Amino acid sequence: MEEFSLMTLLAVFEEMFGRGLFWAMVAVAVIVTLGYIYVLVRDRAMSMRKFLLAQLSMPFGGVAAVAFVMMMTNSGFRDIGGPIDWIVLLGVFVAGAVGFAILVYVVQSLMRGKEADI
């Protein structure tokens with residue numbers, strides 16, 4: 001791999017997850033992001049109660065993301081070889097945690113509507 005580009009990164013992710021699953025995950029991420037923007041514009045503020053519940057859900061999202069990647073790559077923790085593997089695993093955990101927190105916030109906001117913080 002002589003040069004690193006966005007197309008190379010996309011090809012690696014498509015190879016790792018499969019073309020259909022990768023683009024389905026991208027579509028879900030875009031839908032959740034648009035839902036988050038919609039909720040923020042609609043409510044004109046963040047609900048701290050919903051935000052707290054979303055933050056409490058973050059470890060579950062991080063663990064689920066790590067488990068998903070380990071399952072999709074047919075890897076186990078015994079296959080982790082060096083510091084870069086741990087950094088990538090930590091990045092997957094953080095991305096899963098943040099994504100799940102945003103998803104939980106959006107779902108709460110769409111289900112409950114706008115509430116006054118008390």
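# Helix packing and cores in a predicted model

Trainee: This is a predicted model. What makes G35 buried rather than exposed?

Mentor: The relative accessible area of G35 is 16%. Buried means under 20%, so G35 counts as buried. The residue is found in helix α2.

Trainee: How far apart are G35 and Y105, in sequence and in space?

Mentor: They are 70 residues apart in sequence, and their C-alpha atoms are 9.7 Å apart in space.

Trainee: Why is α2 called oblique to α5?

Mentor: The axes of α2 (residues 19-43) and α5 (residues 83-112) cross at roughly 50 degrees and come within 9 Å. Angles under 35 degrees count as roughly parallel, and 65 to 115 as roughly perpendicular. The angle of roughly 50 degrees fits neither range, so α2 is oblique to α5. The crossing is left-handed.

Trainee: Which residues make that contact?

Mentor: On the α2 side they are V32, G35, Y36, Y38, V39, R42 and D43. On the α5 side they are I102, L103, Y105, V106, S109 and L110. By class, this contact has nine nonpolar, two polar and two charged residues.

Trainee: What makes α4 oblique to α5?

Mentor: Their axes cross at roughly 130 degrees and come within 7 Å. The range for roughly perpendicular is 65 to 115 degrees, and roughly antiparallel needs over 145. Roughly 130 degrees lies outside both, so α4 is also described as oblique to α5. This crossing is right-handed.

Trainee: Which residues of α4 and α5 are in contact?

Mentor: From α4 come M58, P59, F60, G61, G62, V63, A65, V66, V69 and M70. From α5 come L89, V92, F93, G96, A97, V98, F100 and A101. The classes are 15 nonpolar, three polar and no charged residues.

Trainee: At what angle do α3 and α4 pack, and where do they meet?

Mentor: Helix α3 (residues 48-56) packs against α4 at an angle of about 35 degrees, with the axes 4 Å apart. A54, Q55 and L56 in α3 meet M58, P59 and F60 in α4. That contact has five nonpolar, one polar and no charged residues.

Trainee: Which residues make up the largest nonpolar core?

Mentor: There are nine: F17, F22, A65, V66, V69, M70, I80, L89 and V92. Helices α4 (58-72) and α5 each supply at least two of them. The most come from α4, which gives four residues.

Trainee: What is V66 in contact with, leaving aside its neighbours within four places in sequence?

Mentor: V66 is in contact with F77, L89, V92 and F93. A second, separate core has six residues, among them V39, A54, A101 and V104.

Trainee: How do you know that R44 counts as exposed?

Mentor: Its relative accessibility is 75%. Exposed means over 50%, so R44 counts as exposed. R44 sits in the loop between α2 and α3.

Trainee: What is the phi of R44?

Mentor: R44 has a positive phi of about 60 degrees, although it is not a glycine. Most residues other than glycine have a negative phi.

Methods
Residues numbered from 1 in each chain as written. Predicted model: local features only at pLDDT ≥ 70, side-chain atom pairs only at ≥ 80, totals over all residues. Heavy atoms only, no water. Axes fitted to C-alpha atoms, helices over the stretch in contact; angles between N-to-C directions. Helix = DSSP H or I, 4+ residues; strand = E, 2+ residues; numbered from the N terminus. Left-handed = near helix turned anticlockwise from the far one by under 90°. Contact = heavy atoms within 4.5 Å. Nonpolar A, V, L, I, M, F, W, Y, C, P; charged D, E, K, R; others polar. Core = buried A, V, L, I, M, F, W, Y, C linked by side-chain atoms within 4.5 Å. Buried < 20%, exposed > 50% of the residue type's maximum accessible area, 1.4 Å probe, protein only.
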